[in-house]
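Visitor: I am new to this structure. Please take me through it by question and answer.

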Amino acid sequence: MGLELRNLSKHFSVRTDQGKATVRAVEGVNLEIPAGQTVALVGESGCGKTTIAKLALMLEQPSSGAVNFDGKSLGEMSRSEIKDYRRQVQAVFQDPYASLNPRLTVRRIITEPILAHYSPDRVTLNARVAELLEIVGLPAAAADLYPHEFSGGQRQRIAIARALALNPKIIILDEPISALDVSIRAQVLNLLMDIQEKFGLTYLLIAHDLALVEHLSTRVAVIYLGSVVECGPSEQIFSAPQHPYTQALLNAVPRPDPDYVPKAADGFDDTGSALEPPSGCKFHPRCPYAMAVCKIDNPPLLKLPDGREAACHLLTGPHAAQM
């Protein structure tokens, strides 16, 4: 089993000119991250992807719903079970310049999580550091250097080594290559794929780069204003997207064709707001196929005949139509 999100919601209270208001950052998300697979969360900035990751890492507590690990809710776990969960679920963050403590050597950075859970002797600890550095393609001598002595790609390799230190089952990848030079992105991406195959890891990938998502993920969940609007195998999502928002995201990807015109470009500038989401379907103000029912009734996420899930009136019931 892997990680499951069950009707997960997270709301934040904020102050506005009109007084207190609620930001519905995540709203009723249901998602499975099967063991050994890579599930990607895609969507525009501010759609709730990172909040979902923080909920999975227990950096935030849900307003409602649950995060389940191997069939048990995190909210029902004992203190020792939570500690074990934190060991088994690690993260690699977007910015390798900010995610590593500049005051610590690489050895200290990698051994900190180990010492938080175990009490190995110095020989065992040093051997583990050397092993992890070898796994991520860095020399053993790197252990005694500081983060500022490495390039961005090397720093991200150090962050990956730290994430592997406790032999986790799941690694949450938050834009793992977006801050890196284009010339080394492929190297880090290949490293992540090799590590997943070698250790049987499960990845929850957060990314804007749809080419990365298509290459690395086995399943994709498309998020819009805090809710999943389409979810399914990566190949299905990229070859035949069903939800208008998914179609718009894919159509927005630049293509080397001067005659190509995005099909869903009209009216796509209004980004919407989690502070004041529209009634009915959240995407209807931007949808080129919006109907009267879309403004009133928020469509549920339903399973389609091909096995994927989507939330759109155009795909189910009497409103079903070919887009």
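The turns below cover a sheet, a helix and several salt bridges in a predicted model.

Visitor: In what order do the strands of the open sheet of four strands lie?
Guide: Strands of a sheet pair through backbone hydrogen bonds, either parallel or antiparallel. In this open sheet the pairing is antiparallel. The edge strands, each pairing on one side only, are β2 (19-33) and β5 (72-73). The order is β2-β1-β4-β5.

Visitor: Which residue in β2 is the bridge partner of Leu8?
Guide: Strand β1 covers residues 3-16 and runs antiparallel to β2, with 11 bridges joining the two. For Leu8, the bridge partner in β2 is Val29.

Visitor: At about what angle to β1 does helix α1 run?
Guide: Helix α1 is made of residues 49-56. This helix lies across β1, β2 and β4 (64-69). Its angle to β1 is about 115°.

Visitor: How many salt bridges does a search of the whole structure find?
Guide: Side chains of opposite charge can pair when their charged atoms come close. Searching the whole structure for salt bridges gives a total of 12.

Visitor: Glu60 and Lys10 meet in a salt bridge; how many residues apart are they?
Guide: The N to O distance in this salt bridge is 3.8 Å. Glu60 sits in the loop between α1 and β4, while Lys10 belongs to strand β1. The pair thus links distant parts of the chain, and the separation is 50 residues.

Visitor: Is Lys10 buried or exposed?
Guide: Its partner Glu60 has 23% relative accessibility and counts as partly exposed. Buried means under 20% relative accessible area. Lys10 has 11% relative accessibility, so Lys10 is buried.

Visitor: Which residue forms a salt bridge with Lys169?
Guide: Lys169 lies in the loop between α5 (152-164) and β7 (170-174), and its partner lies in the loop between β4 and β5, so the pair ties together parts that are 99 residues apart in sequence. Lys169 is partly exposed, with a relative accessible area of 41%, and its partner is also partly exposed, at 32%. The closest N and O atoms are 3.4 Å apart, and the partner is Asp70.

Visitor: What is the relative accessibility of Arg308?
Guide: Arg308 forms a salt bridge with Asp306, the closest N and O atoms being 2.9 Å apart. Asp306 counts as partly exposed, at 36% relative accessibility. Arg308 counts as buried, and its relative accessibility is 2%.

Visitor: Which residues do salt bridges that share partners join into one network?
Guide: A network of this kind is built from salt bridges with shared partners. The residues joined in it are Glu4, Arg6 and Glu32.

Definitions and conventions. Residues numbered from 1 in each chain as written. Predicted model: local features only at pLDDT ≥ 70, side-chain atom pairs only at ≥ 80, totals over all residues. Heavy atoms only, no water. Pairing = 2+ DSSP bridges. Contact = heavy atoms within 4.5 Å. Axes fitted to C-alpha atoms, helices over the stretch in contact; angles between N-to-C directions. Salt bridge = Lys/Arg side-chain N within 4 Å of Asp/Glu carboxyl O. Buried < 20%, exposed > 50% of the residue type's maximum accessible area, 1.4 Å probe, protein only.
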